[in-house]
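Hi everyone, thanks for making time for this. I'd like to walk you through one structure today, and please stop me whenever something is unclear.

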Amino acid sequence: MTVRPFLVSSPGKVILFGEHAVVYGKSAVAASIGLRAYLLFQPTQDHQVRIRFPDILLDQSFAQDDIPLLPVYEQHPSESEHHFSHLLAGFSDNARVAILAFLCLYSHIGFEYEQAHPNAPPKYGFTIHIKSFIPVGAGLGSSAAFSVCIATALLRHFDHSSLDNSSPGLPASTLSTINNWAFRMEQVTHGQPSGVDNTIAVYGGAKLYRKGQEVENLEGFSSMRFLLTNTRVPKNTKKMVANVAQFRNKYPAVVDPLLEAINGIAHSFKELVSGNPSQLNASLAELVTMNQSLLSVLGVSHQTLDTLCQVTSCQQLPSKLTGAGGGGCALTWVPPSTTPDTIAQVKRDLKTLGYITYDTDIGGPGVQACDISTDVQHATSIFLHSDSLCEPDTELLERLKWTSI
Ligand SMILES: Nc1ncnc2c1ncn2[C@@H]1O[C@H](COP(=O)(O)OP(=O)(O)OP(=O)(O)O)[C@@H](O)[C@H]1O
Ligand SMILES: C[C@@](O)(CCO)CC(=O)[O-]
Ligand SMILES: [Mg+2]
């Protein structure tokens, strides 16, 4: 079977309510954003596996024979790092985490492929390029979109023909398989992920998510407007999640009621968003402010996030951190009555602090994947190496026949 190059795309996410509490089985409200990660898969005739991740300055090749094919997920990925230590030496933390997450998935899916096809000829080599418009490590689900793109590509590479399609949509059974594998990759990056980030990166839309429960679609978001702001303070989700776990172990009688209160905020929102819009607008500022205060007590805010909340509240716009906190991004709700001058003033105030604001829609599509005809391969390669951290050039995406992204 001649494998053609293909492109995968997956969205970032915002958590409106429930981050950290969702790790402990509470509900979270999360939605996809218009900032997306893109993966170009190019088959090669050699037996090299090349990963090109320009966003973290990584361009690395491995001989296929150097990557052990093992059921690594029979243990927690953090216990399987030793299988790949010969391939991980000398990389920065960002790169090492990304490479380990990739290698664990390649190893396990490759192992399953070999078990199912004992007499198959060796797989061809490939190059994977990933270019993301989701700021890395900023709380917008960059790791989840990265994981979903790679899981989709490796499933396609190891002969899951259900991904052979000419339209960006993917069958429901495939989405579920992608989500399961992406969650495994998130275990490497987050340590103890809840699964909300990869679920949004796969399915898109706006969801009420609770570990182990049916995901509930939430409507009523199209009229809501948010401002996303990046404090540009680097943070590490795995560390933030571990800090909360330590705090909870130390003060269970304090932290558990806080997590339950955050759960109550998520459910209060869910009731309001499916009801009367004026009631929602009257309560949203209170819900956002309460959730931020509870996250602050959990120790996952940051001075820059607190400053951001003060700046926007001066204009009656409530904000809260989104994602793991400790830096990264915040979400500001913009009530319908807000004037363009007020929004412009808030953006100027935030820019003065050195923060970056993004105007992006929420609730868009999840992962998309389809073959591309080779005549746009060059254009794709240019696109993947573009430097701007902004929405991709729509004309170029048009040429990639990806206007639906
Ligand atoms: N475009 C990318 N290229 C390569 N690796 C990436 C990319 N985006 C994310 N990653 C991987 O994900 C890691 C960042 O994940 P992390 O969970 O800490 O941040 P986040 O997902 O942006 O925030 P949050 O989980 O709070 O939403 C990076 O260190 C890197 O390993
Ligand atoms: C902090 C957290 O709740 C959200 C990170 O985006 C971690 C997780 O749910 O995996
Ligand atoms: Mg992440």
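I'll go through the ligands and the residues around them. Keep in mind that this is a predicted model.

Okay, ligand 1. How many residues surround ligand 1? There are 24 of them, and the closest are Asp55, Asn94, Gly141, Ser142 and His190. If you sort that shell by type, you get nine nonpolar residues, 11 polar ones and four charged ones. Where do they come from? Helix H2 (93-116), helix H3 (142-157) and helix H4 (172-190) each put in at least two residues. And in terms of domains, at least three residues come from domain 1 (6-218 + 365-404), and at least three from domain 2 (224-362).

Now for some contacts. The side chain of His190 has an N or O atom sitting 2.9 Å from an oxygen atom of ligand 1. The backbone joins in too: for Gly137, a backbone N or O atom is 3.0 Å from a ligand 1 oxygen, and for Ala98, a polar backbone atom is 3.5 Å from one. On its own, ligand 1 would expose 630 Å², and the protein buries 97% of that.

On to the metal. Which protein donors does the magnesium ion, ligand 3, have? They are Ser143, through OG, and His190, through NE2, lying 2.1 Å from the ion. What I like here is that the pair links distant parts of the chain: Ser143 belongs to helix H3 and His190 to helix H4, 47 residues apart. And are these two buried or exposed? Ser143 and His190 are both buried.

Last stop, ligand 2. Here 14 residues make up the surroundings, with Lys13, His20, His190, Ser194 and Asp197 the closest. So yes, His190 turns up again. Its side chain has an N or O atom 3.2 Å from an oxygen atom of ligand 2. The side chain of Lys13 also offers an N or O atom, at 2.9 Å from a ligand 2 oxygen, and for the side chain of Ser194 that distance is 2.6 Å. Taken alone, ligand 2 has 290 Å² of accessible area, and the protein covers 98% of it.

The ligand 2 shell has seven nonpolar, four polar and three charged residues. Strand E1 (6-17) and helix H5 (196-203) each supply at least two of the residues. And why do we say ligand 2 lies between the two domains? Because domain 1 and domain 2 both give residues to its shell.

That's my tour, so over to you for questions.

Technical notes. Residues numbered from 1 in each chain as written. Chains lettered and ligands numbered in written order. Predicted model: local features only at pLDDT ≥ 70, side-chain atom pairs only at ≥ 80, totals over all residues. Heavy atoms only, no water. Near = heavy atom within 4 Å. Polar contact = N/O pair within 3.5 Å; in protein donor to acceptor, adjacent residues only side chain to side chain. Areas by Shrake-Rupley, 256 points an atom, 1.4 Å probe, with all protein chains shown as cover. Helix = DSSP H or I, 4+ residues; strand = E, 2+ residues; numbered from the N terminus. Nonpolar A, V, L, I, M, F, W, Y, C, P; charged D, E, K, R; others polar. Domains from an automatic or database assignment. Donors = N, O, S within 2.8 Å, 3.2 Å for Na, K, Ca; no water. Buried < 20%, exposed > 50% of the residue type's maximum accessible area, 1.4 Å probe, protein only.
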